Amino acid sequence: FDSICDHILVRDMTRDPGDRVVGTYRMLRYDVAQSHGGFYSADEYDLSPILNKAEDQRGLCELGRSSVHVDYRNNATIQLLWRGLAQYFAANETTRMIGCASFAGTDPAVHALPLSYLYHFHLAPESVRVQALPERFASMNMMTKKDIDPRQALRQMPPLIKAYLRLGATLG
C-alpha cells in the first residue's frame, strides 16, 4: 500500500542524511483505494457498514502507519504530524477518517480493562460499526461496565488511541 498512499513525514534536518525521518503517517483516500483493490484495513475488518453508509465516499480517508522515532515521542513531533494531517484533510476535502490502532502484544486478555472501557464507552453507532473478520475476532467486552475504572483504563491505553478518543473517535 505504501506506493499508492500519500505520506506525511517529519524530518530532523540535523540528523545524518539517511536517518532524518522521525515521524510518519500514511493516508489512503477513498478514490485511490477503490482503484487499487480497496482499503488495507479490509484485510482485518468488514468495512461494509462504513462504505455502504457513506453519503460522500470521496471524503473518506484511511490513516495508518503512524510511527514516531522513540527519541522524538513528544508533543512537538506529534503536533507537526497532526498539523500536516489537518492541512492534508483540508486540501483533500476529507470529512471522515478510518484506520487501525493497536495494543502491544497478541493476547487481548492482557488488555481487558482498556478494551472493555472502549467497548462500553466508545463504540461507534451500530449503523456504521465495523467488526473484525470472523477469523480475527476477539471480544472487547471482557468486563462489566460497572467494574471498569475509567481513569485506570485510560492510564493503560496506548497514547495514539487516547489521542483519537480526545478527537471524538469511536470504535468498531
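## A guided tour, from the core outwards

Start by selecting Ile 8, Tyr 25, Met 27, Leu 63 and Leu 85: these have the most contacts inside the largest nonpolar core, which has 14 residues. A nonpolar core here is a set of buried Ala, Val, Leu, Ile, Met, Phe, Trp, Tyr and Cys residues joined through side-chain atoms within 4.5 Å. Buried means under 20% relative accessible area, exposed over 50%, and partly exposed in between (1.4 Å probe, protein chains only). β1, β2, β4 and α3 are the elements that give two or more residues to this core, and α3 gives the largest share, four residues.

Before going on, please note that this is a predicted model, where local features need pLDDT of at least 70, side-chain atom pairs count only at pLDDT 80 or more, and totals for chains, interfaces and linings use all residues. Residues are numbered from 1 along each chain as its sequence is written, and side-chain values use heavy atoms, with hydrogens and water left out.

**Stop 1: Met 27.** Which residues does Met 27 touch, not counting residues up to four places away in sequence? Show Cys 5, Asp 6, His 7, Ile 8, Cys 61, Glu 62, Leu 63, Leu 85 and Tyr 88 to see them; contact means heavy atoms within 4.5 Å. A second, separate core of 12 residues includes Cys 5, Leu 28, Phe 39 and Leu 60.

**Stop 2: the sheet.** Switch to cartoon view and find the open sheet of four strands, in the order β1-β2-β4-β5 with mixed pairing. Helices (H or I, at least four residues) and strands (E, at least two) are DSSP runs, numbered from the N terminus, and two strands pair if DSSP finds at least two bridges between them. The edge strands, each pairing on one side only, are β1 (6-11) and β5.

Select residues 21-29 and 60-68 next: these are β2 and β4, paired in the antiparallel sense over six bridges. Leu 28 stands opposite Glu 62 in β4. Then add residues 96-99, strand β5, which pairs with β4 in the parallel sense over four bridges. In β5, Arg 96 is the bridge partner of Leu 60. To get from β4 to β5, the chain passes through helix α3 (residues 75-91) in a right-handed β-α-β crossover. Right-handed means that, with the strands pointing away from the viewer, the path from the first strand over the helix to the second runs clockwise.

**Stop 3: α4 and the loop before it.** Select residues 112-121. How many of the 10 residues of α4 are buried? Seven are, so the helix counts as mostly covered. Among the buried ones are Pro 114, Tyr 117 and Leu 118, and what covers the buried residues includes α5 (150-155) and α6 (159-166). His 111 lies in the loop between β5 and α4 and counts as buried at 15% relative accessibility. Its contacts are Phe 103, Ala 104 and Met 142, not counting residues up to four places away in sequence.

**Stop 4: salt bridges.** The whole structure holds six salt bridges, each a side-chain nitrogen of Lys or Arg within 4 Å of a carboxyl oxygen of Asp or Glu. Pick Asp 2 and Arg 26, whose closest N and O atoms are 2.7 Å apart. Asp 2 lies in the segment before β1 and Arg 26 in strand β2, so this pair ties together parts that are 24 residues apart in sequence. Asp 2 is partly exposed at 40%, whereas Arg 26 is buried at 4%. Add Arg 65 to show a network of salt bridges linking it with Asp 2 and Arg 26.
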